[in-house]
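Q: Got a minute to go through this one with me? I'd like the chain contact, then some helix packing.

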Amino acid sequence: MTDIASPAPKRERSSLLTNPRTRSLLIQGVLFVAVAVALWFFISNGRANLAARNIATGFGFLEQSSGFDISQSLIRYDDTATYGRVFFVGLLNTLLVSGIGIVFATIIGFAVGIARLSKNWLLSKLAEVYVEVIRNLPLLFQILFWYLGVLAAMPAARQSLSLFGLAYVNNRGVVLARPIFGEGSDIVGLALLAGIILAAAMRWWAHRRQMQTGQPFPVIKTALALIFGLPLLAFAATGAPISIEWPELRGFNFSGGIRVLPEFVALLIALSTYTASFIAEIVRAGIMAVSRGQTEAAESLGLRPGPILRLVVVPQALRVIIPPLTSQYLNLTKNSSLGVAIGYPDFFAVFAGTTLNQTGQAIEIIAMTMAVYLTISLITSALMNIYNRRMALVER
Amino acid sequence: MTRMWKVAIAAAALTFPALPASAAGTLDQVKSKGFIQCGVSQGIIGYSAPNDKGEWSGFDVDYCRALAAAIFNDPNKVKFTPLSTKDRFTALQSGEVDILSRNTTWTLDRDTKLGLNFVGTTYYDGQGFMVKKSMKINSALELSGASVCTQTGTTTELNLADYFRNNKMKYEVVAFATVDETIKAYESGRCDVLTTDASQLYSTRLKLASPDDHVILPEIISKEPLGPVVRHGDDQWFDIAKWTFFAMLDAEELGVSSKNVEEMKKSTNPEIRRLLGVEGSLGEGLGLTNDWIVRIVSKVGNYGEVFDRNLGAGSKLKIDRGYNRLWTKGGIQYAPPVR
């Protein structure tokens with residue numbers, strides 16, 4: 001309020017209210033106070049009403065034990081854990097499905113988007129059909145289709161489909177063989193890390209050499225050799241410390257191995273394919289925004305179609321692609337809450353659903369839920385903005 | 001400057017908002033809008049389910065109809081809101097429904113922390129398990145390692161965790177938001193076991209493609225006293241809700257049914273005369289008319305009639321009354337006297 005009340009400089013002749021600077025300060029001040037008052041009103045009114053109706057308030061519930069189980073949890077969890085832990089279990093489940101979903105959606109989306117521009121008639125028509133069909137069906141329908149139509153139709157546990165014994169598919173999900181890390185496996189891990197670092201260094205060196213001398217270097221082959229070769233050598237040298245736990249059928253279902261819930265698989269497939277259909281269109285638009293002359297110029301330099309796409313077209317297209325791509329990533333993350341329809345224990349289901357119902361503290365839980373989705377979205381878009389700035393046109 | 005002062009004063013005035021006076025009595029609200037908004041399930045045969053014409057019927061539905069009969073002398077002055085287990089309490093707390101009659105278990109936690117009051121136990125139930133016959137399982141203790149389908153936000157979900165932990169058995173829970181999703185997952189083979197209140201298992205079994213392929217295991221693992229719920233803080237509405245239920249029990253106990261209620265008015269038995277408002281002015285104490293029980297019994301029926309019609313011998317479910325028999329007949333349904 002001090003800003004508003006402070007007297008204007010003396011040389012100012014006009015009234016305070018007609019001075020544009022003070023007037024804008026005044027309007028902003030009033031708006032700020034109005035917003036603060038409204039917030040205070042809603043909070044105090046809410047508290048009074050909750051107290052009058054004898055509804056519990058506060059965040060103490062986060063320390064109470066939950067008493068219910070969750071089918072998928074990345075951190076240790078059982079029904080004696082607290083609601084606070086439920087919060088993190090749900091959050092991690094949401095991040096897991098949306099993180100992997102974003103990767104898959106991007107890969108499928110780029111592939112389909114580029115395929116749609118292909119000169120191969122069959123390929124481009126297939127890509128078009130994919131986009132038009134997937135994009136125009138409701139997401140919830142697709143989730144239910146994958147869950148009830150495809151995965152539930154898989155055979156029962158005792159007649160599981162086997163994929164070379166490495167993985168089994170049944171109506172309870174997918175069971176994968178689990179690697180067991182024995183003594184000495186950390187050396188293999190270190191070798192992998194070293195391979196990745198060396199590959200990155202080699203790429204940087206090769207790029208610099210090519211810039212200076214024009215000599216190309218087989219970057220991809222060398223990188224693959226480093227990343228896979230080094231750990232394999234270490235694996236052999238330390239006496240094969242990593243073994244594999246094979247899934248075994250016992251009782252109702254498989255024991256051993258890694259179980260992937262059908263809810264997770266269905267949600268992941270639906271989210272990735274659905275978002276990919278939008279990404280494909282964004283990619284197509286991005287590539288078409290790069291003028292034809294660029295490709296022709298590259299062709300006239302004798303570049304082959306692969307390098308033209310990789311070195312000339314895509315880098316320029318990315319400038320058009322990234323901003324709408326960010327929106328799709330945000331959509332995918334928020335759409336993951338539709339998993340509630342098939343019982344996937346994501347954040348929305350276990351926290352804004354079960355926890356809310358068991359504790360009845362709607363206001364606190366809804367506020368926390370909003371804060372979580374807002375934070376995830378803001379972090380995603382901040383990261384994409386950083387990437388966008390790096391890819392943006394550098395004017396010289 | 002004067003204009004600025006006005007703004008400042010207006011802003012200051014805003015900081016002292018009057019808190020809304022606590023809501024007017026639910027009875028008055030209901031009377032002025034002309035119907036009761038009743039929260040029911042999304043479709044549990046026997047308790048609350050719509051027929052092909054969209055008319056709701058069932059045990060829980062009839063309770064709301066009895067309430068409407070007591071207030072309006074018309075059992076159809078009710079509008080039904082189907083609610084999932086997850087949304088039911090929020091709907092009641094926020095005033096979206098006037099009463100929740102949706103096979104809801106009475107627990108201490110819900111009674112105290114959610115700002116609710118439980119009216120009574122209209123149905124004594126317990127949690128059970130249903131499995132496919134082909135699995136050849138005879139006891140819930142053989143369920144170790146099973147995946148179990150249930151509904152989220154229920155006491156069922158909590159009892160399940162207790163039961164398996166207590167018996168040191170492993171299991172996997174798959175929790176869905178609605179009854180239909182749960183049943184679909186069980187039918188598709190996603191789960192070995194479907195668990196919910198035993199009475200609901202009977203009604204769910206009727207919805208399955210071939211009901212005879214499924215068995216309900218003998219174990220009952222919990223106490224599930226089901227009953228209607230009202231908001232905390234409106235004692236008059238709470239009293240009406242309680243006594244509507246008691247009146248139906250007392251009517252059954254005294255042999256007053258929808259068929260004989262008019263003759264019974266001529267009875268010389270003072271208990272029946274009080275019940276039917278021939279003597280005394282007990283209904284007025286509730287804010288209703290003295291013939292309120294006559295209205296309930298003639299329009300909806302007594303407790304026994306409602307039970308038989310929806311759940312018992314007169315229904316598809318054919319559930320044995322068990323604990324829900326009157327105390328005079330070996331059950332535990334007992335109502336305070338109307339006097």
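A: Here is a quick run through the chain contact and one helix pair.

A: This is a predicted model: local features need pLDDT of at least 70, side-chain atom pairs count only at pLDDT 80 or more, and totals for chains, interfaces and linings use all residues. Residues are numbered from 1 along each chain as its sequence is written, chains are lettered from A and ligands numbered from 1 in the order written, and side-chain values use heavy atoms, without hydrogens and water.

Q: How many residues does the contact take from chain A and chain B?
A: Chain A gives 49 residues and chain B gives 56. Contact means heavy atoms within 4.5 Å.

Q: What area is buried?
A: About 4000 Å² between chain A and chain B, with 58% from carbon and sulfur atoms. Buried area is the accessible area (1.4 Å probe) that two parts lose on being put together, summed over both.

Q: How many salt bridges?
A: Four between chain A and chain B. A salt bridge puts a side-chain nitrogen of Lys or Arg within 4 Å of a carboxyl oxygen of Asp or Glu. B:Arg190 forms one with A:Glu263, with the closest N and O atoms 2.5 Å apart.

Q: OK, helices. At what angle do α10 and α12 of chain A cross?
A: Roughly 175°, and the axes of α10 (residues 305–335) and α12 (residues 362–391) come within 10 Å. Axes are lines fitted to C-alpha atoms over the stretch in contact, and angles run from 0 to 180 degrees between N-to-C directions. Helices are DSSP runs (H or I, at least four residues), numbered from the N terminus.

Q: Parallel or antiparallel, then?
A: α10(A) is roughly antiparallel to α12(A), a term for angles over 145 degrees.

Technical notes. Helices (H or I, at least four residues) and strands (E, at least two) are DSSP runs, numbered from the N terminus. Angles under 35 degrees count as roughly parallel, over 145 as roughly antiparallel, 65 to 115 as roughly perpendicular and the rest as oblique.
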